Amino acid sequence: MTSDAASIRPHAALRASGEALAAPWPALQAEAEHLARTLLIGGHGRRQSGRGDEFWQYRNAQAGDAARDIDWRRSGRSDAHFVREKEWQAAQSVHLWVDGSAAMQFTSDKDLTPKSVRAGLLAMALSVLLMKGGERVALASLGTPPRTGSLQLTRIAEGLSKVGEGDYGLPDAGGFLPQSRAVFISDFLGPVEALEEAIATCAARGIKGVLFQILDPAEEAFPYQGRTIFTSMGGGLVHETLRAGDLRDRYLDRLATRKERLAHLAREAGWRYDCHHTDASAQSALLWLYQAVEGTG
Amino acid sequence: MLVLGPIGFAAPWVLAALLALPILWWVLRAVPPAPLRRRFPGVALLLGLTDEEVETDRTPWWPLLLRTLAIAALIVAFAGPVLNPRTERGASGPLVILLDASWASAQDWALRMGRVGEALDQAAADDRPVSIILATDAPQDTPSFLAPRAWRPQLAGFAPAPFAPDYAATETALAQIEGGFETLWLSDGLDHDGRGDMLDTLEARGAVAVFENPRNILAVGATQVTPEGVEVTARRATATGAQEITLVARGPDPAGIERDLARLDTAFEAGETSLTAALEMPPEIRNRVTRFEIDGQRHAAATRLTDDSLKRREIGLVTARESREGLELLSQLHYIRAAFEGKADLISGALSDLIAANPDVMVLADVAQLSGGEAADLIEWTNAGGVLLRFAGPRLAASDVSRGDEDPMMPVRLRAGGRTIGGAMSWGEPKALRSFAETSPFYGLTVPDDVTVSAQVLAQPDPDLAARVIATLADGTPLVTRKPVGTGQVVLFHVTANAEWSTLPLSELFVSMLDRLALASGRVTLEEADLAGQVLQPLRLLDGFGALTDAGNRAPIEGADFLDATASRATPPGLYQGTEVSLALNVLGPQDTLAPANWPSGTAIVGSTAGQERPLLPHLLLAALALLAIDLIASLVLSGRLTGPRAAAAPVIALAALVTLAPNQSRAQDIDAAFALAATDEVALAHVLTGDTELDDLAYSGLVGLSRILTQRTSVEPVPPIGVDLETDELGFFPLLYWPVSVDQPTPSAEAYARLNAYLRTGGTILFDTRDADIAAFGSATPTGTKLQQLAAPLDIPPLEEIPADHVLTRTFYLLQDFPGRHTGGPLWVEAASTEVQSVEGMPFRNLNDNVTPVVIGGNDWASAWAMDRRGNYLRPVGRGFNGERQREIAYRFGVNLMMYVLTGNYKSDQVHVPALLDRLGQ
């Protein structure tokens, strides 16, 4: 009995921890798939003839067309010969950088999702959508090149579930492919200089992209009163005040300034910027993100 | 105990802690509220921001005040504050609590017991031995001093006595106590004999505190019969301003139910201590009065029991035709009239007319022969309790009445002719009377020497003659004989009613004898001689609260003592039964007045007006709690921990919590009121909850169906039926209770039966349904029938009869012959009609104007026939086809009739008289 129990225990423990580890991925994936499905309307062709699986149009065969290109079934119904053309489906590379820092774990209310969860969900759903559209997606924190397929989705999910280090996330655009797309998802409350640097790097490589800021409602409203010691999520920054209510206006001013600066940064680089709150619908955020990523092409 | 104004402190040293309050203030003020640590990613944006104002690192003044007040309240609370503290005199040593415990204490007995309880508490605190002495029940031996705790359980056993305190016996008992003692005297506020001496005796032993409740004491005094009714005297102890009282005469109504027979609102005039009010009552009602009361007074003297003295007898006088008109003194009836004058209502006339008037006593003076019809009437009247008083005379002596055979209206057979003694033509002297034997109703009357008999009729010496003789002459010749007839009796005086044959009518003895005989049917006045030799057995006794209780096996009282007796331990007030009369002994004698107790100046009077001792601890604790709760919310608000919707909810929750904490009373009344409203808003049918869910549902559906039919067809529009729990619900709201009998039903409790009986007596009707008419035929005992007997045994149900064809129930709305439910043909039982009402030829109905029957018993399972669901579908099948539908219709009609019957009573029966009434009105 003892030996049985002993042999079972490590096995069970391993399995339990494995399940706990694996738990967020299928859920995140499923949720992301679910969210993405609400936006999938059909093929995402390039609206021009080219390589692809989807039928685009018939055209009259011209000199130079190979005989095997002629669609005989169509040609048999008329006197002319027709060539069946397919829609051009070019793959695009999209790099995602999702802030996984401690600041993203914040939530002001137990009914609200933490910013990191919302960010992960949006990133995952966006990945699903983009892969359905034939794009290749990479998660910056993984350091892998953009790929497509379910294995890549699993990898992205794994990468999203990791909590990064530091109070605030620093964007890293080093591994981004030239001419690709970039999506930066963060609260952008940390030092803005690192972001400026990253965007400059991207702009130099011809990368277009999106700055997507996710904020908690409390960060927008600052509903605090009384004597308070504010600390950052990691505990690195501390600020003490005797009357938190008095700081509100000045805080809001600074927040507005930060947003303005982000928007300005995006405008200058030809990027797009938006701010999303965790109490708003994830679907509308995804719609905006997807159009922004597709539209910047 | 420290006393400050109306507030005393049990532990005043705790108040010293109040000195620490300023320090607390200073400490609290120096310490600002603790900072709140908050994780906030936006802190990066806050860096470098400084506070604009740096002043409030101190607590604001108002939370400080709140906290200080809360602490102060706590300190004061634990110092044991008491409102209206009883200041002890701080004495030690034995304490005697002397209770007058007379009827005058009964009205506020609970207050007195509360005062005794307080005194015991205090004595327990001071560790003093206590003796409690009731002046109406003074101990025979040395009063025992016990620890106050030991007296506690005995308090409930003390009760006021219905007589005055016996101070002499109390002094005897107190004299046996050695050493001094303090006394708390709970006086009843009246000046009883010996009170001053008592006070002196007590003061000689130690300090005396007298407790008095300043309250006027009311009592009913003597009653006097007048031709119009009864004059009642009411008395009060102190002559204050005008005071309104209500006098009530209570007694059984013709149905035997105790009722207020007459009420009179009257008032003491300012400065008067007595009033006399005349309650107008016809003699029939006056004769039924058993007690007079002052409404709202609950003690023995506010109740005056009546005995036979209220009843004025009617005496019918019949004589043979008087031949010598105008010769008053020779009239056969002259002396009888004189004897009864002023004591009874005398009527004279023809025998048949007198019998119709149903007098109590009938006097036949020398009436020999009675016609056949007259004799029959007379026998019937005597059987019903009449006393027939016959006097002999020349006609009787000459007639053949009771000569060969004993006449039913004569006590003995008579020998022809009679005898004459001491006349001119006879030997011997006129005979005197022998003193009365013990068995005689005249026993105890003294025989004057000058009463002689010179002529009389003689009794035949029959075997039972000796038993019938109640007065004899000196030679043993029967003078008065008597025999019982039914519940009445026939008495024959063997002499004339005038002075022709004897001097008896001239003597005082004659009056006494007639009075004694008349007592058999009522009493005129009572004198010592009347009761001499009699023994009075107590029947029912008054207790101190004025309630009548059964006397049990109390020792009887000598009749001779009774007249002088005042209410005391030996002769408690109540009703006493003599041989032929019932007598009442009341708390106040006819001449007794009430006088307030006047205490000599210097006596310590402890009133109860100072107010009850009330510990303030709970109130102060509650106040402290409330302050702390407010402080809690305020602190949360101040420190920013209370945000969003919680901020709005918090004060509401705090307030609700405080309200819940606050002393909370009377919620059950609301429920009762809601039930009463539901039951009385409109007429509601009700059924008894049997505990069998299916049966209860069926009964409910049945009443729903009946209610529906009633609404459709009649002006009775009942609200939905109500299931009544006999144990808890008030029954008085319902005109009819439907009680389906179930074998498994638990038998209601005694209280429930008491309320059911009250319900039945006050006009309620119960419809018992055994639901077994299909198997109950021919008197077989069914399970539910047996159960019904069990259930109904404690109920006050009159004799029943199977419903007669002319019962009002057959025609209150529909004309009905039978009363089917789901079963048909089962008998229906209602209260038996009076047997005196005979059916009149040519009238379809008897003239039955009695009450609504309190019960209707049957087994036809009406609920099943009536049952409807909400949409009006019948729930149970009845019979087959059209006949079944007809049966159901008749069942509904029975329900309608029954409802009309209980709601309108015998209105339909009275309708019979409408033509006669209209005729009389001349229309």
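This briefing covers two sheets in chain B and a helix that packs on one of them. The model is a predicted one. One sheet is open and holds four strands with antiparallel pairing. The other is an open sheet of five strands, and its pairing is parallel. Strands of a sheet pair through backbone hydrogen bonds, either parallel or antiparallel.

**The antiparallel sheet**

- The strand order in chain B is β1-β2-β4-β33.
- At the edges stand β1 (2-4) and β33 (614-615) of chain B; each has a single partner strand, so one side of each is left without a neighbour in the sheet.
- Strand β4 (residues 81-83) of chain B is joined to β33(B) by two bridges, and the two run antiparallel.
- B:Val82 has B:Pro615 as its bridge partner in β33(B).

**The parallel sheet**

- Here the order of strands in chain B is β6-β5-β7-β8-β32.
- Its edge strands, β6 (130-134) and β32 (604-606) of chain B, each pair on one side only.
- On average, neighbouring strands of this sheet are turned by 20° against each other, direction ignored.
- Five bridges link β5 (residues 95-99) to β7 (residues 182-186) of chain B, and these strands run parallel.
- The bridge partner of B:Leu99 in β7(B) is B:Leu186.

**The helix on the parallel sheet**

- Helix α4 (residues 109-126) of chain B packs on this sheet.
- The strands that helix α4 touches are β5, β6, β7, β8 (208-211) and β32 of chain B.
- The direction of helix α4 makes about 180° with that of β5(B).

Conventions: Residues are numbered from 1 along each chain as its sequence is written. Chains are lettered from A and ligands numbered from 1 in the order in which they are written. This is a predicted model: local features need pLDDT of at least 70, side-chain atom pairs count only at pLDDT 80 or more; totals for chains, interfaces and linings use all residues. Side-chain values use heavy atoms; hydrogens and water are left out. Two strands pair if DSSP finds at least two bridges between them. Axes are lines fitted to C-alpha atoms, for helices over the stretch in contact, and angles run from 0 to 180 degrees between N-to-C directions. Contact means heavy atoms within 4.5 Å.
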